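Let's take a walk through this protein model, one piece at a time. Keep the structure open beside you and look up each residue as we get to it.

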Amino acid sequence: GDTTASGDTLRLTMQRPYTLTANFTPALVAPAASIPDATMGAPYAHQFVATGGTGAYLWQLLTGALPRGVMLLTSGALSGTPEETGTFIATGRVRSGSQTTEVPMVLRVVAPAVSLQAVLAHLVGAGDQLTADEIRYFDILGNGNRRLDVGDFAAWVEKTGVQPSAEIKAV
């Protein structure tokens, strides 16, 4: 009958003459990769790569945590829009046939660099100073109503500690 084994040696004792066929599957390899930083509020995607095995790969998150809004898909894609900043450490597992291997993951999520002047100008309607991703960032920090408003601004000031100064030009 058919047999699968993960050891280096398989010993078969045969009592009669048989035709023996051996098919060897290459070892599954998923090297640790440098994962690019993500920006809170901005869509993010990173593809993990595996080789060997049967050629069909199924990925899953084994341990640790990813930022809210980001997930590891079964295809090996790290995808979503991060809803928090920080450094997130996790371990992924990829399976191909009967083989598995683990991949360390370290994802750093940073806040977008925005100036107080640009935020205030946007709030008072003196121009669209902010990108859609930056507005999403403020909205995630704030009230989640899909637009930038004073509540989002207040949440940003509280989170970052930014202090308006006397040097701010009139907007």
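## An exposed residue with an unusual phi

Start with R146 in this predicted model. Is R146 buried or exposed? Its relative accessibility is 80%, so R146 counts as exposed, because anything over 50% falls in that class. You'll find R146 in the loop between α2 and α3.

Now check the backbone there. Phi of R146 is near 70°, which is a positive value, and R146 isn't a glycine. Here's some background: most residues other than glycine have a negative phi.

## Helix α3 and its two sides

Move along from that loop to helix α3, which covers residues 150–160. Right at its start, a side-chain oxygen of D149 comes to within 3.1 Å of the backbone nitrogen of G151. At the other end, α3 is followed by G161, which has a positive phi near 75°.

Which residues of α3 are buried? They're D152, F153, A155 and W156. These residues cover an arc of only 160° around the axis, so they sit on the same side of α3. Turn to the other side of α3 and you meet V150 and E158, which are exposed. As for what covers the buried residues of α3, that includes α1 (116–123) and α2 (132–141).

## How α2 meets α3

Look at α2 and α3 together. Their axes are 8 Å apart, and the two helices pack at an angle of about 80°. That makes α2 and α3 roughly perpendicular to each other, because angles from 65 to 115 degrees count that way.

Who touches whom? From α2 come Y137, F138, D139 and L141, and they meet D152, A155, W156, K159 and T160 of α3. Sort the residues of this contact by type and you get 5 nonpolar, 1 polar and 3 charged.

Helix α2 has its own set of buried residues: E134, I135, Y137, F138, D139 and L141. Their cover includes α1 as well as α3.

## Helix α1 and the loop after it

Next up is α1. Its buried residues are L116, A118, V119, A121 and H122, and they pack against α2 and α3. Just after α1 comes G125, with a positive phi of about 80°.

The loop between α1 and α2 holds Q129. Is Q129 buried, exposed or partly exposed? With 44% relative accessibility, Q129 counts as partly exposed, because that value lies between the cut-offs of 20% and 50%. Setting aside neighbours within four places in sequence, Q129 is in contact with A118, A121, H122 and E134. You can also compare Q129 with D152: they're 23 residues apart along the chain, and their C-alpha atoms are separated by 16 Å.

## A buried serine in a strand

Time to leave the helices. S96 belongs to strand β6, which runs over residues 86–96. Its relative accessibility is 1%, so S96 counts as buried. Which atom does the side chain of S96 reach? One of its polar atoms lies 2.7 Å from the backbone nitrogen of T54.

T54 isn't alone there. Leaving out neighbours within four places in sequence, S96 is in contact with L28, G52, G53, T54, G55, A56 and Y57.

## G52 and P31: links across the sequence

One of those partners deserves its own look. G52 lies in the loop between β2 (44–47) and β3 (58–64). If you don't count residues up to four places away in sequence, G52 touches P26, A27, L28, Y57 and S96. How far is G52 from T100? The two are 48 residues apart in sequence, and in space they're 11 Å apart, C-alpha to C-alpha.

Finish with P31, found in the segment before β1 (38–39). Again not counting residues up to four places away in sequence, P31 touches V49 and V103. Try finding P104 too: P31 and P104 are 73 residues apart along the chain, while their C-alpha atoms are separated by 9.0 Å.

Terms used. Residues numbered from 1 in each chain as written. Heavy atoms only, no water. Buried < 20%, exposed > 50% of the residue type's maximum accessible area, 1.4 Å probe, protein only. Helix = DSSP H or I, 4+ residues; strand = E, 2+ residues; numbered from the N terminus. Arc of directions from axis to C-beta. Contact = heavy atoms within 4.5 Å. Polar contact = N/O pair within 3.5 Å; in protein donor to acceptor, adjacent residues only side chain to side chain. Axes fitted to C-alpha atoms, helices over the stretch in contact; angles between N-to-C directions. Parallel < 35°, antiparallel > 145°, perpendicular 65-115°, else oblique. Nonpolar A, V, L, I, M, F, W, Y, C, P; charged D, E, K, R; others polar.
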